[in-house]
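Q: Could you take me on a close walk through one part of this model, the stretch with the last helices, and then on to the ligand site?

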Amino acid sequence: MERTVIADIGKMSGKNVLLKGWIYRTRSGKNISFVVLRDYSGTVQCVVKDDVKGFGDAQKALIESSVELKGKVKKDERAPTGYEVQVTDFRVVGFADDFPIKEQQSPELLLDWRHLWIRSQKLNKIFRIRSTILGAIHEYYRSSGFFEIQSPSITTMACEGGSTLFEMKYFGQKAFLTQSWQLHAEALASSLEKIYCIAPSFRSERSRTRHHLAEYWHAEAEVAWIDHEESLKIQEGLISHIVQTCIKRHRKDLEELGADIKMLEKVKTPFRRLPYSEVIDIMKKKGVKMKWGDDVTDLQLRALSEDFDKPYFIVNWPKESKPFYMLENPKDPKTVLNADCIAPGDSGGEIIGGSARETDPKKILAKLKAEGTDPANYGWYLDVRRFGSVPHAGYGMGVERLTQWICNVDHIRDCIAFPRTINRIYP
Ligand code: 4AD
Ligand code: MG
């Protein structure tokens, strides 16, 4: 007999099925056991009577024991999934010890038992949506002529400043875990022109916010021969495609997670471009402190996002607060041609950071020196500008940040299976 997965049980009404899964809940009387079985796709109640082969095991088996069973599917209005299975054969594949996770556990304990907590309904749903998000990223780029290409995770250069670099020993030499593929991507863009990559990035983040991981998945793109506005169009198209794909494939999961589907349905292009200078004016009106050159904090973003019901870009940030590679804004040289894409709502925040890139090696050199960075480390990066420099732009999107916002998850750590944060590397 072929295995039926629980999500397909409705198609098997009145028929015999073979199910495999884990005991999600169990309750036994003298002559009967009610076992709620879960597999990756859902849960279903299975009724085991005392004349069934394996009844003794069904009475004995604790939650999370793994089970194979055969039985007949019956429509049952009272059952949460609308069906029930009348078991004819029940076999425990692996008996479980007393499960350490009970109801109402503290977040810290759930993190200690993360290797088991990932079986929970909540995380299972988030990870399935995350999988769709990753698939949608590939679909979007591959259907618009991008090449996927990888760059090293071990590097000698800082892309996003020295303060969040993880240092490592590399055969006696100092090296770092990469913060972004960008610098290598800029070199590759002079070969393949339209490129993207989904890979881990590493940040030694001291900030313990609900939006920061030490290791996160970074979906980045770099494109030659485009300006910043063209880059923004690609970005808003990407976000819209991902969100609409998630709604199409996961409406029920999203509802159960408490996502704001009405808001998500509005996520269509174009997104507003809001200059950084206007953010300061808006903050003034709202009575929130902010001056030119300040980063936009979580607090400010929340105040700002009250006025938005879909993602928006904050563009043209002050030059002095931004990295050496960003292109100066020719219309307003105290700013650069960059953007952060901000998702509204409590679970939102900055989901993309990107910019047009400086093409002039002399300007890059001057900025590196001004930052106090030794340009000797950036030799090959400057070479790219010396051999046929072209206008180009790119950006990086945090996969967990995006998942957190779409699924409306309180803390980013629940958007990755085994989170790495300042105080956690186990399990
Ligand atoms: O804004 P960031 O630092 O930009 C870059 O790394 C550029 N070099 C990208 C590029 O132009 N190719 O990071 C990009 C995105 C952020 O918008 C955010 O979504 C995510 O990466 N991110 C993090 N996600 C989780 N935990 C962290 N500590 C993150 N830091 C950044
Ligand atoms: Mg950023």
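**From the helices to the ligand**

A: Happily! Bear in mind that this is a predicted model. Right after helix α10, Gly 372 adopts a positive phi of about 85°. Back at the start of that helix, which covers residues 361-371, a side-chain oxygen of Asp 360 comes to within 2.9 Å of the backbone nitrogen of Lys 362.

Moving on to helix α11 (residues 379-386), the buried residues are Tyr 381, Leu 382, Val 384 and Arg 385. Viewed down the axis of α11, these residues fall within an arc of 140°, so they line one face of the helix. An α-helix has 3.6 residues a turn, so residues three or four places apart point the same way. The packing partners of the buried residues of α11 are α5 (182-192), α10 and β16 (392-398). Just past α11 there is another glycine to look at: Gly 388 has a positive phi of about 80°.

Now for the ligand site. Ligand 1 is surrounded by 24 residues, and the closest are Glu 160, Gln 182, Arg 203, Glu 220 and Glu 350. Glu 350 places a polar side-chain atom 2.6 Å from an oxygen atom of ligand 1. On the nitrogen side, a ligand 1 nitrogen lies 2.9 Å from a polar backbone atom of Leu 213, and a nitrogen atom of ligand 1 is 3.1 Å from an N or O atom in the side chain of Glu 205. Taken alone, ligand 1 exposes 630 Å², of which the protein buries 94%. Two or more residues of the shell come from each of β11 (215-224), β15 (349-356) and β16. By type, the shell holds eight nonpolar, nine polar and seven charged residues.

Terms used: Residues numbered from 1 in each chain as written. Chains lettered and ligands numbered in written order. Predicted model: local features only at pLDDT ≥ 70, side-chain atom pairs only at ≥ 80, totals over all residues. Heavy atoms only, no water. Polar contact = N/O pair within 3.5 Å; in protein donor to acceptor, adjacent residues only side chain to side chain. Helix = DSSP H or I, 4+ residues; strand = E, 2+ residues; numbered from the N terminus. Buried < 20%, exposed > 50% of the residue type's maximum accessible area, 1.4 Å probe, protein only. Arc of directions from axis to C-beta. Contact = heavy atoms within 4.5 Å. Near = heavy atom within 4 Å. Areas by Shrake-Rupley, 256 points an atom, 1.4 Å probe, with all protein chains shown as cover. Nonpolar A, V, L, I, M, F, W, Y, C, P; charged D, E, K, R; others polar.
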